[in-house]
Amino acid sequence: MKTTGKVTGIVSNLVTVEVNAPVAQNELCYIELEDTKLMAEVIKVNGSSVSVQVYESTRGLKVGCSVVFEGKMLEVSLGPGLLSSNYDGLQNNLATMEDVFLKRGEYTAALDADKKWEFTPIVSAGATVAAADWLGEVKEGWLPHKIMVPFSFAGDYTVKQIAPQGSYTINDTIATLTDSKGEEFKVTMCQRWPVKVAIKGYKEKPRPYRIMETGVRAIDTFNPIAEGGTGFIPGPFGCGKTVIQHAIAKQAEADVIIMAACGERANEVVEIFKEFPELIDSRTGRKLIERTTIICNTSNMPVAAREASVYTAMTIAEYYRAMGLKVLLLADSTSRWAQALREMSNRMEELPGADAFPVDLSSIISNFYSRAGIVVLNNGQTGSVTFLGTVSPAGGNLKEPVTESTKKCARCFYALNQNRADSKRYPAIDPIDSYSKYLEYPEMEEFFTEKLSKDWVSKVLAARNITLRGKEAYDQINILGDDGVPMDYHLRYWKSELVDFILLQQDAFDAIDCQTPLKRQEYMLNLVLDICNKEYKFSRFEECIQFFKSLINIMRQMNFSEFGSSRFNEYQKQLQNRVENVL
Amino acid sequence: MSSNIFQKIYTKLESITKATVTLKATGVSNDELAKVAGRLAQVVKIKGDLVTLQVFEGTEGIPTNAEVEFFGEPPALNVGEELSGRFLNAYGEPIDGGPKVEGIRRYIGGPSVNPFKRRQPSELIPTGIAGIDLNNTLVSGQKIPFFADPDQPYNQVMADVALRADVDKIILGGMGLSNDDYLFFRQKFEDAGALNKIICFVNTTEEPPVERLLIPDMALTAAEYFAVDKNEKVLVLLTDMTLYADALSIVSNRMDQIPSKDSMPGSLYSDLAKIYEKAVQLPDGGSITIIAVTTLNDGDITHAIPDNTGYITEGQLYLRKDTDTGKIIVDPFRSLSRLKQLVINKKTREDHSQVMNTGVRLFADAANAKTKLENGFDLSDYDMRCLEYAKEYSNKLLSIDVNIKIEEMLNTGWSLFRKYFKPEELGIKQELVDKYWK
């Protein structure tokens, strides 16, 4: 028997319900309104009066409408077919909806139940398995999609029967498992999981120890994000947050990309819908869309579903991690999610925290970020969820609750600087304010030593130091005038400009410059440091400016040329000549 | 607004605030309209048998024994071809002396377009103003506000833009419009002979502020009719969104909601997004483009209203006075059209992006030179030329009184570059220099 209730109060999308039997916190329910059913989630229980947030518009709802409780939390369907799908925040498939307008109460299936998948078993009958162990795999595009023992299965099971190689739909039984008491369970290729609960079923979660390459120099070289790491990008509007996220989505060396467009502009999502099916992933030669799932809850879609969307995205990311894949989760923007929390807290008349956000904002955010990470699976392989969120601070002021709460839990901080954006120095990642805690990890240093060179981290710090000293010099030049400062100030400033133009700035719209592999980044960093470490003697500051301007011009051409090509080498020769001439 | 004769009439109010009344009533649905002592009101909260209504005209003089009558439906607008040329108030009732609008009844504030069904905007909207067409090109399906101080002629610029744009319908949503501005728009549309493609929803400063909350939804419901049902290109003008947001804060304040930044309601972002995201390029060719006005308080863009707006809209156009030429210009530094790259060089000449970037960069160099001058440092020859260039650039291109074709803007750009600079100072692609440096 399902618990039922009647609506007793309505304020916007917060509805109170009088119930006749037990309900659970976060339990799902449907409110019946004429011929539609509106999905809602329990967010507060007070005696027999229950507050639910409705995922749809509550227009026309009346006191006395019936409510049916489902006895489960908000869940998503996990199985082959998630990739290249476009979902809303509740995992409704947007592509299979017929109307141009979103219809209230229209819920579409997340996965295609008729599609047949070519299944290959991995275990054989008699094997002992536990939750998240691989039973078999299907090819989802080019990715091996593992069919796993459902995450909800506790303890050990014995495989009684496993389907032979062949094609099956997601609802066909592919295995029969028996538990220790001999009870039998049928397993299909699709399982359901509540989004607010982290998927476990791995052996351990070590500290991140290797880099997740993004091809963006200001990130990989200066503030690398680790595989399984977390980072966030705060910045005022118009600083290029979305451009950076899209660039990373296109280039990152991840197997699977989950993009959560959370309360942002619909036209930006349309850009992804349009571009990703056409763009080619340079590492696999396959279309980008084949490794991408888009969760799209734009700013005009119901607020409560916006809150759910980031959890839906995270759960899908964790699902692919359990297959031993590298997953990159991008959320744009987590501020919109926090605002959804604020709107609800406000309607429930909770005592507000800073800026009217709920007092537990900080713990909600850190709890969410903690779901990212690299894990060692039961079979010893690794999988990871790397999480990168954007934050849209009100008025561009970083002293606000969402930025501050996020700063406490995210390990990389990419501050976008308005001045850099105004002077078109893109990406506008501030070289001085931004940081990556992973640079300090001994595990990461070991990784760099092995992959690049022993003194990599100290080189990065040296380059960063040049920008810092350059900024100080620039401030002095501005106060005292070009003639009023010693030559050394000009030198310092122009060395920092060299680092800025050649390493930090990157043209996201240039076919070659947009993506720089780590090896090439190392080469350019060495080259720039070499130049900066030389002693120069100029008699007039104009000479200094002219010299560095010409270096910048030549090295920019290098950035635009294929690495190691004859053009690239030619520019490099020009560069050497130019430097030797001055020395 | 029709009412049901079988509907029960209530005559006892439990409580009254400046904007809301509460009474005991049953069978009431959320969002539905009612009449309280002859004034329109809308259900905003139901708690058991207590129903709270937001009274659009305000509650001055409403007695506790006022008659309350529920309509059983949310606010709606009659849509149809006969909307063309009409001037209506916030409830969709005529204010031009014409007959009541018949047509299909549509509830306002309807659902959103499925993002997956949207098309990518790709059609340029020419305005004749180089500060817009050249530097911040508008695209149909875009949403963009003018950020302007109250003393700037934003309504005039907007009217010019609307009349020059190649669209099928222009829908004006005036919120807190001064009576003078209302008459200005009316006269301007009439003079242009464009009345047949114009629909106006107007709330003037003489009318109660809470009524304004209906204006954008009314305007956009009409827009959706023409864009979706008739596949037309619709341009919606919303002025002034700052006054709309102020009305939001009044209501939320009266309902004892906890304010967030700048005493705005915590839902401001969602409230504004619901309006702006109605801008769309539809799969069957129709489109809704929104040009809005957000007035600033002394240029402060960190205030909650412009700040939230900036995160929602696809760019912003800043108007400011250029102190060197005394003209109102579209500020090339702080203005931005996020969709411009969808049309630049694709729908315009191949040299567009280079002329645009070079022109703005030189204007920035001039600004630096000016700072240098003010700080008492010597100017180089290049600095001097930049300053001269900036004056002419501001006059001939940035000023809002410019009205020329895009090709002419590009040619003007080249002629200015040639007058003050050498090609090697500009770093423009050589092939373009060869072709256009004449």
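Student: In this predicted model, which residue is the bridge partner of A:Thr178 in E16(A)?

Tutor: A:Glu184 is the bridge partner of A:Thr178. That pair belongs to a ladder of 4 bridges between strand E15 (residues 175-178) of chain A and E16(A), and the two strands run antiparallel.

Student: What is the order of the strands in the sheet that holds E15 and E16 of chain A?

Tutor: The order is E10-E13-E15-E16, an open sheet of 4 strands with antiparallel pairing. An edge strand is recognised by pairing on one side only, and here the edges are strand E10 (128-129) and strand E16 (184-187) of chain A.

Student: Which strand of chain B pairs with E1(A)?

Tutor: Pairing can be followed across a chain boundary in the same manner as within a chain. Strand E5 (residues 39-47) of chain B pairs with E1(A) through 3 bridges, in the antiparallel sense. Within this pairing, B:Lys47 in E5(B) is the residue opposite A:Gly9.

Student: How many residues does each chain give to the contact?

Tutor: Chain A gives 49 residues and chain B gives 46. On the side of chain A that touches chain B, strand E1 (4-11), helix H3 (266-275) and helix H5 (334-347) each supply at least two residues. H3(A) has the largest share, with 7 residues. Sorted by class, that side of chain A holds 21 nonpolar, 17 polar and 11 charged residues.

Student: Where are the domains of chain A placed along the sequence?

Tutor: The assignment for chain A lists domain 1 (4-73), domain 2 (117-189), domain 3 (217-435) and domain 4 (456-582). To relate two domains in space, take the distance between their C-alpha centres: for domain 1 and domain 2 of chain A this is 37 Å. Chain B is divided into domain 1 (9-70), domain 2 (76-342) and domain 3 (352-436). The C-alpha centres of domain 1 and domain 3 of chain B are 61 Å apart.

Student: Why does the radius of gyration of chain A agree with that of a compact globule?

Tutor: The value is set against what the chain length predicts. For 583 residues a compact globule would have a radius of gyration near 25 Å, and chain A agrees because its value is 27 Å. The C-alpha trace of chain A spans about 90 × 55 × 40 Å along its principal axes. Chain A contains 14 helices and 25 strands, and buried residues make up 52% of its 583 residues. For contacts in chain A between residues at least 6 apart in sequence, 68% join residues at least 24 apart.

Student: Which residues of helix H7 in chain A are buried?

Tutor: A helix is read with its repeat in mind. An α-helix has 3.6 residues a turn, so residues three or four places apart point the same way. In helix H7 (residues 401-409) of chain A, the buried residues are A:Pro401, A:Val402, A:Thr403, A:Ser405 and A:Thr406. The buried residues of H7(A) pack against strand E18 (230-234), H5, H6 and strand E23 (382-391) of chain A.

Student: Why does A:Ile364 count as partly exposed?

Tutor: Exposure is read from a neighbour count. A residue is buried at 20 or more other C-beta atoms within 10 Å, exposed at 12 or fewer, and partly exposed in between. A:Ile364 counts as partly exposed because it has 16 C-beta neighbours inside 10 Å. A:Ile364 is in helix H6 (residues 361-369) of chain A. From A:Ile364 to A:Ile432 there are 68 residues in sequence and 29 Å in space, C-alpha to C-alpha.

Student: Where is the residue A:Ala356, and is it buried or exposed?

Tutor: A:Ala356 lies in the loop between H5 and H6 of chain A. Its phi is near 70 degrees, a positive value in a residue other than glycine. A:Ala356 counts as buried because 21 C-beta neighbours lie inside 10 Å. For B:Ser263, phi is near 50 degrees, also positive in a residue other than glycine. B:Ser263 is in the loop between H5 and helix H6 (268-276) of chain B. With 11 other C-beta atoms within 10 Å, B:Ser263 is exposed.

Student: Which residues does the cis peptide bond in chain B join?

Tutor: The residues are B:Thr239 and B:Asp240, with omega about 10 degrees. B:Asp240 sits in the loop between strand E16 (233-239) and helix H5 (241-254) of chain B. In chain A, the peptide bond from A:Asp332 to A:Ser333 is cis, with omega near 5 degrees. A:Ser333 is placed in the loop between strand E21 (326-332) and H5 of chain A.

Key:
Residues are numbered from 1 along each chain as its sequence is written. Chains are lettered from A and ligands numbered from 1 in the order in which they are written. This is a predicted model: local features need pLDDT of at least 70, side-chain atom pairs count only at pLDDT 80 or more; totals for chains, interfaces and linings use all residues. Domain bounds come from an automatic or database domain assignment. Two residues are in contact if their C-beta atoms, placed from the backbone, lie within 7 Å. Ala, Val, Leu, Ile, Met, Phe, Trp, Tyr, Cys and Pro count as nonpolar, Asp, Glu, Lys and Arg as charged, and the others, Gly among them, as polar. Two strands pair if DSSP finds at least two bridges between them. The radius of gyration is taken over C-alpha atoms; the globule rule is 2.2 Å times the number of residues to the power 0.38.
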